[in-house]
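Colleague: I would like a close look at a single part of this model, and then an account of how it compares with other places in the chain. Please explain each term as you go.

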Amino acid sequence: MVLRNYWKSRHKSRRFPTLCWIRPGLAALFWFCVTQLACGAGTVGEAKFVVQKDAEFDVTYNDTVTSVNQTIYAFNHTISRNKTEGVRVTVDVLQQQLESPILFVIRQKQAVMSFQVPLILRGLYQRKYPYKHVGRTLCQPPTRAASETQFFFVDVSTLSSQGTNYQLRVSRVESFTLQTDKKFSFTASPSQPQFFKYVFPDGVDTVIVKVNSDVNFPCSVMSVQDIQCPVYDLDNNVAFIGMYQTMTKKGAITVQRKDFPSNSFYVVVVVKTEDEACGGPLRFYPLRGDVLIDAGNRTKDLNVVVSPAINSEKYVIGMLFCLGIFLSFYVLTLLVACVENKRMKRREVFENPPDISPAETASLLGKNGDGIMTQSLFLCTHCSFSHLFGLSAVALHALACIPKLTRALWSYSILC
């Protein structure tokens, strides 16, 4: 009995430590499960839903975006090596008051472009101009294949908890590639810049890009840029690369083939947010940085034409023509001087005959022949010198007017 009681007591003493460790472990496991369930519920409440749609060209999509849902539009189009086709994205926000802007990110094969709507453009003194209607042309990636199908995606997102309505439309640009000596008309604004492509034809090394408009204002900028991505087509970055020129009604830039290794370039036209750069009026606005200013209607109708410039042969022909005119005046003056010199020598021989006596001369000329002969010789000599000096003065005056006339004709040909 003593041994039996001892074994029972020993068995009980070994079982108590195990129970002491199990209870804290179960409590810890229970607390971990409760914590994970709470965190999981919070994560589900903050999760974002991403919806991808297969979109088509020339279709207007009316959708709503919030902070918990994101929409991705997938487009595909065929790119040809011998044909360049422009693609333009147009966005319009329908609501007047926005809690947060909408971000549009366009992902292409070799380029990414992003912009927000309303698009905020800054003017003088950091004044802010919002634009709710935005249109951008996509940069065209090069391709080596004869024909290739490429995809690009338009991501739409916002941080606003309230739903924001917008319209999205993707369309192809007609006449994206400019033709030589063919005028193309278009419309531009600060939030809807335009750019086109031009390829040098065979045998043309220099061209003149001309942009015209019927109105002076709003002020605009024309730029010539190389074929690369991104294209700087906004008022705040159009001057970063290439050649640019501010314009009111007319603008022209001379472009040479040697400056562009790809034998092509972009013609970019941007309308500025203010007219101060073109000498226009600057309206008085409050200078507070947090005030958004309505810029009003700043749409401008323009047209562009690219024409070949004068080549080297025409330059040489023009120089030789001007040189020939100069030389012709010198040769004419020299001939007149030689003829008058011969006439003078003949008169001198006639006035002083070597073998005729004074009596014979008087009998030939009459009674008062000496006076008549002297007077006639004086008049002839005076007329010859007057004629010579008159022709020289006319020649010098014509030579002085030729450079002015040449510059005037050159300026008129450039502008017209």
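How many residues apart are R343 and E340 in helix α2, and about what separation is that in helical turns?

Modeller: This is a predicted model, in which local features need pLDDT of at least 70 and side-chain atom pairs count only at pLDDT 80 or more, while totals for chains, interfaces and linings use all residues. Residues are numbered from 1 along each chain as its sequence is written, and side-chain values use heavy atoms, with hydrogens and water left out.

R343 and E340 are 3 residues apart in helix α2, so about one helical turn separates them. Helices (DSSP runs of H or I, at least four residues) and strands (runs of E, at least two) are numbered from the N terminus. The side chains of R343 and E340 meet in a salt bridge, with 3.6 Å from N to O; the term means a side-chain nitrogen of Lys or Arg within 4 Å of a carboxyl oxygen of Asp or Glu. The two partners are covered to unlike degrees: E340 is buried at 7% relative accessibility, whereas R343 is partly exposed at 44%. Here buried means under 20% relative accessible area, exposed over 50%, and partly exposed in between, with a 1.4 Å probe and protein chains only.

Helix α2, which covers residues 312-351, also holds Y330, and Y330 is exposed, with a relative accessible area of 52%. Together with V316, L320, L323 and L327, Y330 makes a nonpolar surface patch of about 520 Å². A patch is built from residues with over 30% relative accessible area and no salt bridge, where like charges are joined within 9 Å and nonpolar side chains (Val, Leu, Ile, Met, Phe, Trp, Tyr) within 5 Å.

The structure holds 9 salt bridges, and another of them joins D63 and K53, with 3.2 Å from N to O. That pair links distant parts of the chain, 10 residues apart, with D63 in strand β2 (residues 60-65) and K53 in strand β1. D63 is buried at 17%, while K53 is partly exposed at 31%. Strand β1 (residues 49-54) lies largely in the open, because the number buried among its 6 residues is 0. β1 pairs with strand β3 (residues 69-80) in the parallel sense over 6 bridges, two strands being paired if DSSP finds at least two bridges between them. Within that pairing, V51 stands opposite T71 in β3.

T71 is also one of the residues in contact with V154, as are Y73, F104 and L168, once the neighbours of V154 within four places in sequence are left aside; contact means heavy atoms within 4.5 Å. V154 brings us to the largest nonpolar core, where, of its 31 residues, Y73, F104, F152 and V154 touch the most other members. The largest share of this core, 4 residues, comes from strand β4 (residues 86-93). A second, separate core of 24 residues includes L178, M222, M247 and V269. Such a core is a set of buried Ala, Val, Leu, Ile, Met, Phe, Trp, Tyr and Cys residues joined through side-chain atoms within 4.5 Å.

A last salt bridge to set beside the helical one joins R257 and D205, whose closest N and O atoms are 3.5 Å apart. Of this pair, R257 is buried at 19%, whereas D205 is exposed at 51%.

Technical notes:
Accessible areas come from the Shrake-Rupley method with a 1.4 Å probe; for residues, only the protein chains shown count as cover.
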